[in-house]
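Morning, everyone. Please bring up the model on your screens, and I will walk you through it.

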Amino acid sequence: MSMTAEELKAKKSELFMEKKHAAHRMSDEDVAAANRFCEGYKQFLDDGKTEREAVSAAVRILEEKGFRCWKRGESLQAGDRIYVVNRNKAVIAAVMGTAPLADGVRLTAAHLDSPRLDLKQVPLYEDTELALMKTHYYGGIKKYQWTTVPLALHGVIVKRNGETVQVNIGEDISDPVFCVTDLLPHLATEQVKRPLGQGIRGEELNLLVGSMPVCCDEGGELVKLRVLEILHEKYGITEADFLSAELEAVPAGQARDLGFDRSMIGAYGHDDRVCAYPALLALCDCKAPVHTAVTILTDKEEIGSDGNTGLCSAYFHDFMRDLAGVCDTRAHIVFSASQCLSADVTSAYDPTFADVNDRRNCAYLNYGVCMMKYTGSRGKSGSSDASAEFVGEVRRLLDANEVVWQTGELGKVDMGGGGTVAAYLANLNIDTVDVGVPVLSMHAPMEVVSKLDVYMTYRACAAFYG
Ligand code: MN
Ligand code: MN
């Protein structure tokens with residue numbers, strides 16, 4: 001018995017999965033709300049270009065929204081809004097739920113560190129009357145992308161006397177900027193034969209910072225001396241103070257709308273502030289949740305999550321132990337009943353580089369927040385691979401709250417891959433799945449996201465907190 005065209009259409013709409021641009025699945029009001037939301041997000045990007053600055057920006061938002069700094073041992077009640085800061089580089093915030101803590105928490109986790117060029121400990125030198133600074137890149141970068149773009153210096157210097165000075169040069173339009181130079185094409189005959197990964201080598205990422213000597217007829221290193229004079233005048237530092245500094249060269253300038261239609265945002269550091277901000281705002285908008293709602297904004301994800309501000313360390317576990325301590329339960333009981341959205345970006349399909357993706361399984365710009373059952377490399381190595389049961393539960397939740405969402409994976413099988421903090425949280429015996437915003441040009445000085453996807457990540461987190 002053959003089907004009529006009408007029956008065929010009905011059968012397909014019954015049985016096939018439908019994928020659509022978020023604009024076709026959102027009301028005009030929703031699109032307007034997404035655009036408004038992204039104005040706040042762009043401000044957050046500009047305020048927090050380093051993990052330290054992003055923690056400060058997050059704390060400002062939390063305090064405006066009634067959160068207070070919590071000390072171990074202080075008793076807590078339903079509705080209490082608290083945060084703790086770990087070494088100025090990571091923050092955990094929570095809204096206490098009406099259910100007992102032993103019923104588990106609803107946790108979102110994102111990271112605030114982004115790839116960049118860190119200054120080495122002895123950075124400053126002079127060569128041929130140019131002052132330069134040696135850098136050591138942080139995170140996975142394509143080094144050639146970091147040449148000939150204006151860079152700003154952000155960070156802290158701890159002086160000999162223990163005083164800490166904050167540095168932020170290159171963002172104000174009246175500030176100078178810095179850059180890594182590259183070879184002119186005319187003389188790059190040999191350089192262009194290098195493989196792309198070595199087009200610029202690690203030791204060639206030298207920051208140009210000066211060219212004017214101190215006025216004196218004799219003596220060497222007069223340009224370096226002039227730079228140190230300026231730094232001494234401005235910050236009271238000497239060359240030795242670089243030994244105890246954390247200075248990060250990051251792309252200078254503000255987050256910008258991208259495209260004639262302003263549908264996207266081009267900025268440095270979307271990975272992973274583009275998930276951190278929606279998770280944070282969802283927590284702030286959470287009034288009286290049933291389950292205690294927790295957001296972790298962590299550091300060191302880009303270099304493997306080790307170190308005492310990274311999620312491989314004990315700091316989150318210890319926070320939960322402290323929380324359990326004042327709620328008459330124990331951390332392992334809380335973990336076993338908890339759920340986590342590991343909120344990190346994924347790769348968006350790029351038509352210019354189509355062949356790295358399985359088109360049936362990759363994420364697309366504007367198709368909403370992306371849920372990834374697994375990440376990892378090769379045979380899912382390094383991934384926590386969420387269970388069908390938990391993915392099913394999150395799927396029902398997103399659908400029930402009209403969140404536009406999609407699934408994705410980080411490239412074709414064996415093409416490369418990557419991980420997130422999901423595995424470290426899942427290892428605590430927490431049901432965990434990755435959700436996040438698809439990004440074009442991830443880890444480049446300018447990354448691109450879609451505004452609708454950013455907003456849908458907020459909506460997913462808000463639905464999850466309930
Ligand atoms: Mn990330
Ligand atoms: Mn990353």
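I will take the metal site, then a strand residue, two helices, the salt bridges and a surface patch. One caution before we start: this is a predicted model.

Metals. Start with the manganese ion that is ligand 1. Which protein atoms are its donors? They are His111 through NE2, Asp271 through OD, and Asp344 through OD, with Asp344 listed twice. The distances run from 2.1 to 2.6 Å. Along the chain, the spacing reads H-x159-D-x72-D. Asp271 sits in helix 5, and Asp344 sits in the loop between strand 15 (339–343) and strand 16 (346–347), so this pair ties together parts 73 residues apart in sequence. Asp271 and Asp344 are both buried.

Now the manganese ion that is ligand 2. Its coordination comes from Asp271 (OD), Glu302 (OE, listed twice) and His443 (NE2), at 2.0 to 2.6 Å. Here the sequence spacing is D-x30-E-x140-H. Asp271 belongs to helix 5 (residues 270–284), while His443 is in the loop between strand 22 (438–439) and strand 23 (447–450), so the two connect parts 172 residues apart in sequence. His443, like Asp271, is buried.

How far apart are the two manganese ions, and which residue coordinates both? They are 3.4 Å apart, and the shared residue is Asp271.

Next, Ala343. This residue is in strand 15. Buried or exposed? Its relative accessibility is 1%, so Ala343 counts as buried. Beyond its neighbours within four places in sequence, Ala343 contacts Ala109, Ala110, Asp272, Cys275 and Val435. Take Val437 as well. Ala343 and Val437 are 94 residues apart in sequence, yet their C-alpha atoms are 8.3 Å apart.

Now helix 6, residues 315–326. Twelve residues, and 17 Å from first C-alpha to last. That is close to the expected 16 Å. The buried residues in helix 6 are Tyr315, Phe316, Phe319, Met320, Asp322, Leu323 and Ala324. What covers them? The cover includes strand 2 (81–86), strand 3 (90–95), strand 4 (105–111) and strand 14 (292–298). It also includes helix 7 (331–336) and helix 9 (422–426). Just past the end of helix 6, Asp328 has a positive phi of about 55 degrees.

Compare helix 8, residues 388–400. It has 13 residues, so at 1.5 Å a residue it should span 18 Å, and its end C-alpha atoms are indeed 18 Å apart. Phe390, Val391, Gly392, Val394 and Leu398 are its buried residues. They pack against strand 15, strand 17 (369–372), strand 19 (405–407), strand 21 (431–436) and helix 10 (451–465). So strand 15 turns up again: it packs against the buried residues of helix 8, and it holds Ala343. Just after helix 8, Glu402 takes a positive phi of about 55 degrees.

On to charges. How many salt bridges does a search of the whole structure find? The count is 30. I will show a few.

First, Asp80 with Arg68, at 3.8 Å from N to O. Asp80 is in the loop between strand 1 (68–69) and strand 2, and Arg68 is in strand 1, twelve residues away. Arg68 is partly exposed, at 34% relative accessibility.

Next, Glu239 with Lys224, at 2.8 Å from N to O. Glu239 is in the loop between helix 4 (222–235) and strand 11 (245–251), and Lys224 is in helix 4, so the bridge ties together parts 15 residues apart in sequence. Glu239 is partly exposed, with a relative accessible area of 31%. Lys224, at 12%, counts as buried.

Then Glu229 with Arg226, whose closest N and O atoms are 3.0 Å apart. Both lie in helix 4, three residues apart, about one turn of the helix. Glu229 is partly exposed at 39% relative accessibility. Arg226 is partly exposed too, at 30%.

There is also a network. Salt bridges link Glu39, Lys42, Asp257, Arg262 and Lys451.

Last stop, the surface. Leu183, Leu184 and Leu187 form a nonpolar patch there. Together they have about 280 Å² of accessible area. Leu183 is in the loop between strand 9 (179–180) and strand 10 (206–210). Its relative accessibility of 42% makes Leu183 partly exposed.

That is the tour. Over to you for questions.

Key: Residues are numbered from 1 along each chain as its sequence is written. Chains are lettered from A and ligands numbered from 1 in the order in which they are written. This is a predicted model: local features need pLDDT of at least 70, side-chain atom pairs count only at pLDDT 80 or more; totals for chains, interfaces and linings use all residues. Side-chain values use heavy atoms; hydrogens and water are left out. Helices (H or I, at least four residues) and strands (E, at least two) are DSSP runs, numbered from the N terminus. The expected span of a helix is 1.5 Å times one less than its number of residues. Buried means under 20% relative accessible area, exposed over 50%, partly exposed in between (1.4 Å probe, protein chains only). Contact means heavy atoms within 4.5 Å. Donors are N, O and S atoms within 2.8 Å of the metal (3.2 Å for Na, K and Ca); water is not among the atoms, so sites may look incomplete. Patches are made of residues with over 30% relative accessible area and no salt bridge: like charges are joined within 9 Å, nonpolar side chains (Val, Leu, Ile, Met, Phe, Trp, Tyr) within 5 Å. Accessible areas come from the Shrake-Rupley method with a 1.4 Å probe; for residues, only the protein chains shown count as cover. A salt bridge is a side-chain nitrogen of Lys or Arg within 4 Å of a carboxyl oxygen of Asp or Glu.
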